[in-house]
Amino acid sequence: MTTNEQPTPTTAADRPRSQGQGQGQGRGQGRGRKRSEDSRLSILAAAFELVAEVGYGSLTIEGIASRAGCGKQTIYRWWPSKAHVLLEALAVKGELYVTTEDRGSYEADLRAFLTDTFALASTPTIANILRVLMAEAQIDEEFGTLFRTEFLPRRRDALTLVLERARARGDLPPNPDPSTALDVVFGVLWYRLLAVRRPFTEELVGELVGMLTKGGE
């Protein structure tokens, strides 16, 4: 064989793909990813709808699958239980409805974050799911680990973004320490949700903003 000759492919793996083949495969993969994401979001939405209608105790994977229009094995491929489905649904809700955008000052950013967070937690369905999943996290070791290491940090990371931006801007007060500020905000959230079931009011938002932005004055 001369240097100008091309070797004859002997297997499918050896054969160069034509341009059309490569493009077709890429389009198929893109459609597959979109279908998977659409299915995932449909399942999360269905879980929220159903738990609001029937309650957590009567919620089943079969029911979620029926509402979402998919097979239950599709759900089990992504989540091992209904608690895991709801946990991800909550995380998505938090990212969609709680703002972390820059409003020009630490006080404005913090007020917006607290207002959105407390408004979401005041929704009856959300509040009930949070209570149920916190309870589940205490009795199921595997789920509890996921709850503590993935779900809770995602919300703390969102507020950390606000704090770090304030530090970079130069308007983060020296006190309290950022980790303490995080504990204050989420401590109030969980205490009111789980222990005393007191409402999240505008006055509460104002008190927390004042406490966390005055720097111990």
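Helix α5 makes the biggest contribution to the lining of the largest cavity, supplying 4 residues. That makes a convenient entry point into this predicted model. The cavity in question has a volume of about 220 Å³, and the residues closest to its centre, out of 15 that line it, are T117, L130, F151, R155 and L189. The structure holds 1 cavity of 30 Å³ or more. Helix α5 (106-122) does not enclose this space alone: α4 (82-97), α6 (124-139), α7 (141-169) and α8 (178-196) also supply at least two lining residues each. In chemical character, the lining divides into 12 nonpolar residues, 2 polar ones and 1 charged one.

Stepping back to the whole chain, the fold is built from 9 helices and 0 strands, and the order of elements from the N terminus reads α-α-α-α-α-α-α-α-α. Of the 217 residues in the protein chain, 36% are buried. The accessible surface comes to about 12700 Å², and carbon and sulfur atoms account for 51% of this area. Sequence-distant pairing is well represented in the contacts: among those between residues at least 6 apart in sequence, 66% join residues at least 24 apart.

The interior can also be followed through the nonpolar side chains. The largest nonpolar core has 60 residues, and I64, L114, L133, F147 and L159 are those with the most contacts inside it. Two or more residues of this core come from each of α1 (19-54), α2 (61-68), α4, α5, α6, α7, α8 and α9 (202-213). Helix α7 provides the largest share, 9 residues. Helices α4, α5, α6, α7 and α8 thus appear in both settings, each giving at least two residues to the cavity lining and two or more to the core.

The connection between α1 and α2 is a good place to look at individual residues. Y56 sits in this loop, yet it counts as buried because its relative accessibility is 18%, below the 20% limit. Leaving aside neighbours within four places in sequence, Y56 is in contact with V51, K82, A83, L86, V132, L133 and E136. One of these partners, L133, is among the residues with the most contacts inside the largest nonpolar core. Another partner, K82, is 26 residues away from Y56 in sequence, with a C-alpha to C-alpha distance of 8.7 Å.

On the far side of that loop, R67 belongs to helix α2. With a relative accessibility of 36%, R67 is classed as partly exposed, since that value falls between the 20% and 50% limits. Beyond residues up to four places away in sequence, R67 touches A46, E49, L50 and E53. The C-alpha atoms of R67 and L50 lie 8.0 Å apart, while 17 residues separate the pair in sequence.

Two further loops carry backbone features worth a look. Between α7 and α8 lies P176, and the peptide bond leading to P176 from N175 is cis, with omega near -5°. In the loop between α8 and α9, R197 has a positive phi of about 50°, although R197 is not a glycine. R197 is also exposed, as its relative accessible area of 55% is over the 50% limit.

How values were computed:
Residues numbered from 1 in each chain as written. Predicted model: local features only at pLDDT ≥ 70, side-chain atom pairs only at ≥ 80, totals over all residues. Heavy atoms only, no water. Buried < 20%, exposed > 50% of the residue type's maximum accessible area, 1.4 Å probe, protein only. Contact = heavy atoms within 4.5 Å. Areas by Shrake-Rupley, 256 points an atom, 1.4 Å probe, with all protein chains shown as cover. 1 Å grid on protein atoms, 1.4 Å probe; cavity = no way out; pocket = protein on both sides within 12 Å on 5 of 7 lines; lining within 4 Å. Points joined across faces, edges and corners; volume = space filled by probe spheres on them. Nonpolar A, V, L, I, M, F, W, Y, C, P; charged D, E, K, R; others polar. Core = buried A, V, L, I, M, F, W, Y, C linked by side-chain atoms within 4.5 Å.
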